[in-house]
Every structure is written in structure tokens, then in C-alpha cells.
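Biologist: Pick one part of this model and take me through it closely. Then follow it outward and tell me what it connects to.

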Amino acid sequence: MMKTTTDIRELREFARQIRLETLKALTRLGFGHYGGCMSVVEALAVLYGDIMRIDPAHPDWSARDYFVLSKGHAGPALYSTLALKGYFPLARLATLNQDGTTLPSHPDRLLTPGVDATTGSLGQGVSIAAGMALSHKLADRPNRVFTLLGDGELNEGQCWEAFQFIAHHNLHNLTLFIDYNKQQLDGRLDEVIKPFDLAGKFRAFGFDVQTIRGDDIETLRRQVAPQRQGDERPLVVILDSIKGQGVRYLENLSNSHHLRLTPEIQREIEQAITELEATHV
């Protein structure tokens, strides 16, 4: 069933809330991966707001769909999503990366309800997701698996080994998202290691490839929602996103991968928070 206009509006509102809570949590902390958190917000809103079968009251429900945040440095955005869905109280976001927290800098499945895989060492999350998907396929279980990688993460050779494994085993129950925001820790992607024809490379590996604007909630939902059949190729969605997406100040920075708040940056972020608080979709 297609989403109605009202439903799409609800997903946009969910994305606004995720973005707002993530900004607030990082700003309370005083530092963090602002840019890469912002560029995955809409994808998280679509997955957790509509597509994935989940039960926040029972995070370990065996019939759930699984999500692996391979780019673990975007953990704060995932935590905001989980809190808003009711996996744990929203107030817990204030403990992000503090001593004794259950919300560490990078996701830890042993600490945080709703986190399906411990990630942070780039390149490893997609391999974990591939193993999950293969286990479900071999057991003929209906669970779907979703994983989200950063474009800079694709510098890791382990990713490409995993992609070849996924295509070889035709893991059609696994959907990959690539956050193609074109920046990484050390600068622009083209300056560090050129990705060349990213879509073409995935097609050569045997994937069905869709390139979608990173904030296009309606198209994301339409392309990702259908359950793939056994004869269909695994899907990879290249999110044509912007580092710092949805926050004009962050979008315009030369590199917003990781920020420590100076008085100027803090003023700009607090202004963005104020604007998001005043905006309801």
C-alpha cells in the first residue's frame, strides 16, 4: 500500500524530531560527528518510521527486522531514533558518551536496547549484516536486514569483500544504504580516494542500484518498502546526501565530520535548534 500525503508528512516530522534531538544531544556534549549524523536522518526516519518490523517493548523479538549502522560514528542519530520510538526514555539522550552511559560514542549491542550490532571500526558492520542476512535466508526466515555505510568507509577493502559475498549468495533480504555525502574525516572524497562510478561498481558486483536524494523520503520509502523475491538481486541505495543535511550552517562548512564547539559554532547550532523547534511539518 502506498503512503498517503499525511503519512509522508508524519515521516518528515519524525525526521525533524530525530535531527532536533541529535543536535541537542551533541551540543550538550560539546563535540561529535555532526555532519554524518545529519546526512542519515531521513533514511533512519523511513526505516524506523515505516518499513522495519520492530517492537520497541521487546527489542529482541525474533521476528524483527535488523539494522546495522556500519558507519558507527553516526550513533547519536540512531540513539535519537530509538528513543523517539520508545526503546528507552528520551531523557537518556542527555547521557550521550558520559561515564556510565548506555549510549556510548559508537553503538554497542550489549548496552543499548534496539542496537543489533556493535559497530565503529569501519568496514566491519556490512560483514556482520551479511552474516545476519545469510543466516535468515538459510533458515527460511522472513526477517529483513538493513545496513548503512559511509562513503569514506568504502575505502576499506573489507566492504568490497562483503559486497561480493552478498551478491554471490543473492542476499535479497539485505538492503544496503550508502551515505554518499562526499566528505570524510580527512576532507572531500575526491581528494582522499576517488569513488569513481560508484553505481557502476555496484552493478558490476551484481546489485540492483538506486540513487536517491538523501532527503527524498517519499522515493526512499517507495523503493525500499517492497519485500524482494528470491530471484531479485540485492538492493543498494546510494543516498545522494549532503554532509550536515538539513542544517544550513553545517551544510556550508568545508568539513563538518567532527566538530568541537567554539563559541561561534555553538551559537550557530543553537540557532538551528531554535529553528527546528519552531518548525512542525
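Modeller: Let's start with β7 and β8 (residues 235-240), which run parallel and are joined by six bridges. Across that pairing, R213 faces D240 of β8. Before going on, remember that this is a predicted model, in which local features need pLDDT of at least 70 and side-chain atom pairs count only at pLDDT 80 or more, while totals for chains, interfaces and linings use all residues. Residues are numbered from 1 along each chain as its sequence is written, and side-chain values use heavy atoms, with hydrogens and water left out.

The element names come from DSSP runs numbered from the N terminus: helices are H or I with at least four residues, strands are E with at least two. Two strands count as paired if DSSP finds at least two bridges between them. On that basis, the pair above belongs to an open sheet of five strands, ordered β2-β3-β4-β8-β7, with parallel pairing. At the edges sit β2 and β7 (208-213), each pairing on one side only. On average, neighbouring strands here are turned by 20° against each other, direction ignored. Packed on this sheet is α5, which touches β2, β3 (145-150) and β4 (174-180), and its direction makes about 165° with that of β3. Touching, or contact, means heavy atoms within 4.5 Å; axes are lines fitted to C-alpha atoms, for helices over the stretch in contact, and angles run from 0 to 180 degrees between N-to-C directions.

Now hop to the β2 edge. Four bridges join β2 to β3, again running parallel, and L69 stands opposite L148 in β3. In a regular strand the side chains alternate between the two faces of the sheet. You can see it in β2: Y66 and V68 point one way, F67 and L69 the other, and all are buried. Buried means under 20% relative accessible area, exposed over 50%, and partly exposed in between (1.4 Å probe, protein chains only).

F67 deserves a closer look. Leaving out residues up to four places away in sequence, F67 touches L44, L47, Y48, M52, L78, D116, F146 and L148. F67 also turns up with L23, Y48, F177 and L250 as the residues touching the most other members of the largest nonpolar core, which has 58 residues. The biggest contributor to this core is α1, with 10 residues. There is a second, separate core of 29 residues, including A130 and L171. For the record, a nonpolar core is a set of buried Ala, Val, Leu, Ile, Met, Phe, Trp, Tyr and Cys residues joined through side-chain atoms within 4.5 Å.

One of F67's contacts, D116, leads on to the charged pairs. The whole structure has nine salt bridges, each being a side-chain nitrogen of Lys or Arg within 4 Å of a carboxyl oxygen of Asp or Glu. D116 forms one with R64, at 3.0 Å, N to O. R64 sits in the loop between α3 and β2 (66-69) and D116 in the loop between α4 (75-85) and α5 (124-138), so this pair ties together parts 52 residues apart in sequence. Both R64 and D116 are buried.

Another salt bridge joins R221 and D50 (3.1 Å, N to O). This pair links distant parts of the chain, with R221 in helix α9 (residues 217-224) and D50 in helix α3 (residues 41-51), 171 residues apart. R221 is buried at a relative accessible area of 12%, whereas D50 is partly exposed at 24%.

The R16 and E13 bridge (2.7 Å, N to O) is a local affair: both residues lie in helix α1 (residues 5-29), three residues apart, about one turn of the helix. R16 and E13 are buried as well.

Just past that helix is G30, in the loop between α1 and β1 (31-32). G30 and L261 are 231 residues apart along the chain, yet their C-alpha atoms are separated by 5.5 Å. Beyond residues up to four places away in sequence, G30 touches L259, R260 and L261.

One backbone oddity to finish: F196, in the loop between α7 (189-192) and α8 (198-205), has a positive phi of about 55° although it is not a glycine. F196 also counts as exposed, at 68% relative accessibility.
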